[in-house]
Amino acid sequence: MKLEAKIPEGKLEEKWRNYQVKSQLINPANKKKLKVIVVGSGLAGAGAAATLAELGYDVQCFCYQDSARRAHSVAAQGGINAAKNYQHDGDSVWRMFYDTLKGGDFRSREANTYRLAELSAPLIDHFVQQGVPFAREYGGTLVNRSFGGVQVQRTFYARGQTGQQLLLAAYSQLYKMVQAKKVEMLPRNEMLDLVVIDGKAKGIIVRDLVTGALKRYAADAVVLATGGYSRVFRLSTLAIGCNGSALWKAHKKGAFFGAPSFTQIHPTALPQSSEAQSKLTLMSESLRNDGRIWVPKKQEDSRKANDIPEEERDYYLERRYPSFGNLAPRDIASRAAKERIDAGYGVGRLKNAVYLDFKHAIEKFGLATIQDRYGNLFTMYKKITGIDAYNEPMQISPAAHFSMGGLWVDYELMTTIPGLYAVGECNFSDHGANRLGANSLLQASVDGYFILPNTINNYLAGVLKEAHPTTDHPEFEKAEAAVQAHIDRVLAVNGTQTVDHFHRELGKVMWQECAMSRNKAGLEKALAQISQIKAEFWKDVKVTGSDKELNTELEKALRLADFIELGLLMCTDALQREESCGAHFREEYQTEEGEAVRVDKEYSYVSAWEYDDGTFTLHKEELEFEFVQPTVRSYK
Amino acid sequence: MQVTFKIWRQDSPSVKGALKAYKVQDLTEDMSFLEALDHLNEQLVVQGEKVIAYEYDCREGICGQCGVFINGRAHGPHDHMTTCQLHMRSFKDGDTIVVEPWRAASFPVIKDLIVDRSAFDRIIEAGAFVSSKTGTAPEANAIPVPKGMADKAMDAAACIGCGACVASCKNSSAALFTSAKINHLNSLPQGKAEQHQRVAEMTYQMEQEGFGSCTFTGACEVECPEGISILNIAEMNARITKSKVFG
Amino acid sequence: MLRNKLYFRKLLIAGTGLFLCLFLVVHLSANLILVLPEEVARGLYNSYSTTLRESPLIKIVAYALYLAIVLHVIYAIVITIHNRRAKPQKYVMNRSNENSSWASQNMGILGTLILIFIVIHLANFWARIKLGIGEEVGLDTDGHVDVYEVTYSLFQNIYYVIFYTVLAIPLAYHLHHGFKSAFKSLGFYHKKGLRIVAKVALVYALIMGIGFGVIPLIVYFK
């Protein structure tokens, strides 16, 4: 199968316009007759569901949480980028496009990335109009700050709660359409399978998480907006419920998985403190604007941070990357931290952290300014660690964060299954091998609000004349029976180990071998270990309670079963890509100074994996760089 | 460390619940409260018992899902904190910790510690939005919003919808939740066009959901993880009056 | 109107409450006469009360007062019933004292005590003087109804003195929370203003509590 990215003709600046001019339209009377299912209610899902409903489609939106407002977009702290050039510092759509492409180490499509930058400006307009209380200057205009990997100030923010404020705007807009009876919202319903009829996505099977009942929903198109899957590492910055199951089920039904191993490890999370830990809390990257990262120059230095004199501190990011310093992109900052920690310079009780110090910033700008900028982050830090970061440096550590990988989508955000779309973090589209800070909220929103509502019509216009799918179709029958059999199988094992036990095992392997730095031997070992975990899971897992009731343990088990298989694919992908690019760092491909070596000649493509009964077949979408020349990504 | 949890167990909304005691060992002070419950649940699984149902998602204090009543306080002994931010270092070795679900007629128990907070969604649905469709927005800097105004809106907008205000209020009043949303949108120029209707519809929905009335005990603002001020409720009252006069 | 019953009920409670607060100021200032030496106090107190009884304006105010008390009580009951329905199941463990004042949690109990007080207070004075129930009230040397004598004799009874003095305590607590809260119910949300209101409420409640509580003692020991 040849991967057709459907990139429109014309100059980079004209592609999106050209696409819209040529795509098919549907008249309002007909839109009412078309049903669209949206799975997930984060920024991408809620934005898409609300906008599709405004356009007149009949929308159903599902989420596993108790309300759409809980989706994990809520946790993004730092901000959202937009090429507004409000700061008059030389920003432009082109520069933002280039920063994003370069930040992603030239492993994404030019056309997609350009569109992301192009639609960023109207997105800010949209959110302001929806009542998002972005930070303002005294004169009333919007404030910007800078974020890792760029040299301009283009990040808009609402205190340390940007994600929350954007999500609440999307959630409000969604519930406005619920009130208008244009969207049916189904919280506490988790998608467990995709239904494909005659090669097209036509519905889903969900489990009602309160009653446990399996239910069928038919639609003319299905949109997945289910977020990232970094919980495969168990310890991550993600919400505990975040999972890859919807993606995995779609993958098993024929959707190709793009660059599954591209996972961003965030440099500024709180370090792990015990084995029982369930989550690593993220401290916004914006802290790196004013905070300076360092470790002691002496190995195993046991002095308190404040007792270590200035000349005995190693500001390693400033030392290695003088022009970007503490604002080096995330993958680089994370790897540099890992390098120092592995070399024995780590700090904290478990020697697994580095310092993030605000002493100089407080001296320079005053305590009040720092409090105004980061007050809530410092408060949060104190709540969790009991440490006052105004007086001593924070301890931070890298943690699994964002999945650049996801279902492979074309320019229209459609997967390889016609009628199945993937928006937001769950697709592989704009970020390449590494995502720039504050581009995540942007991509989720742009996908949901602006792109999908303008591309889905191109497909739906074609199915308008077809019969609408109904839930009594044999494919629904079959899918539901398969889901029930899968659940029964999990419950039937009745072994001796908990779901969390297996998740910890999987997480350890993934973190060890498939995170910040990877190598051939390690990945091969990981594949064997994960297969072993999989076998043991199906032999020895224990889930109590039944499937016909609210059963959180069963939910976890079903998600983990998919994570284990996804882990295999991630390692397969990481093993196959013999180069270092962005977040994907293969130890075999580095310079003497430890910088990544990209191999454009052989690997300038997007890996799209096809599932075939437990094995994975690689398809390549060659990346053509018509408008920019891939360069060595240097932040020195 | 070792503690005894006394946890509310209730299989479904229709049956009666009761507190059940569980002794849990091998806990550490670094564990979060929810991790201690996770630990207990793993033990229950191994013993072949049904796990305790409780809610959580982000575990970093922002999603608002993890609300439970711990030792007589919403989200535990500290002010302005979510359950997921509570750590075992706040308890002593050998403590007994009573854990109950939110109590309010409008938040019926679904199972064990999980309650149904969809009443909040319906209050939002009634008017907590700006009726502008995607694609219709003017340029973002076209309407200046002075910093003070934006900051005030942000203070109110910070609500995470956890329900601690209702849970800790002796009257189960949702006034803090509703007023925070109203004041967020009504104080911004973008929300002005629909201000009176918003106040009228949201407060009406709040009543329809069966929440009690605010008697200004002030418990809500102490338990609110975001420290949303009770003055929001007073401001909402002023806005109701305004909407009656001008609406 | 019906669409905001929670708001209107509270508005009513707050409005009537503040009106009653104002009344108490007048009441206490009159009571201060009782503290004066008997020869001055009797004449002044009796002529004052006669003026009140005979003024048509005061008559209107008096009816407003009855109405305020009745509405305040009825709506307090209505709100309490509604609020109890909103929380049908109580917590097994509730440490509300850590997040709010005891008075604010128990306005109903405090109010009930005050209501009991009012009933007995009215029986002691209003019933005797206006309705003529019980022992007949004499006239003083100026020909005024000798209300002073009624008061004086009542407060020679130690049980009444204790009753009046002790019940001034719930009154103070009730007034302290009620006064502050009323402003917010009425929609006053100025931050600094409310800080002043809170201070005024404290001073007011203290003056009322001490004033009403101490005067019977002074009269008793006179």
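Biologist: Happy to start with a single residue: which residues does A:Leu224 touch, not counting residues up to four places away in sequence?

Modeller: This is a predicted model, and contact here takes C-beta atoms within 7 Å. With residues up to four places away in sequence left out, A:Leu224 touches A:Val39, A:Gly40, A:Ala246, A:Leu247, A:Ala250, A:Leu407, A:Leu420, A:Tyr421, A:Ala422 and A:Cys426.

Biologist: Nice! Which helix gives the largest share of the largest nonpolar core?

Modeller: That core has 304 residues, and A:Leu224 is among those that touch the most other members, as are A:Leu407 and A:Tyr421. The largest share, 14 residues, comes from residues 552-576 of chain A, helix α17.

Biologist: And how many residues are in the second, separate core?

Modeller: Its members include C:Ala14, C:Ala103, C:Val147 and C:Ala168. The size of this second core is 32 residues.

Biologist: Turning to domains, which element supplies the largest share of the side of domain 1 of chain A that touches domain 2 of chain A?

Modeller: Domain 1 of chain A spans 266-401 and domain 2 spans 474-622. Their contact takes seven residues from each of the two domains. On the domain 1 side, α10 (330-345) and β15 (394-403) of chain A each supply at least two residues. The largest share, five residues, comes from α10(A).

Biologist: Last one: how many charged residues has the side of chain C that touches chain B?

Modeller: Here 37 residues of chain C are in contact with 38 residues of chain B. Elements giving two or more residues to the chain C side include α1 (5-31) and α9 (191-221) of chain C. By class, that side has 13 nonpolar and 13 polar residues, and its charged residues number eleven.

Methods:
Residues numbered from 1 in each chain as written. Chains lettered and ligands numbered in written order. Predicted model: local features only at pLDDT ≥ 70, side-chain atom pairs only at ≥ 80, totals over all residues. Domains from an automatic or database assignment. Helix = DSSP H or I, 4+ residues; strand = E, 2+ residues; numbered from the N terminus. Nonpolar A, V, L, I, M, F, W, Y, C, P; charged D, E, K, R; others polar. Core = buried A, V, L, I, M, F, W, Y, C linked by C-beta atoms within 7 Å. Buried ≥ 20, exposed ≤ 12 C-beta atoms within 10 Å, placed from the backbone.
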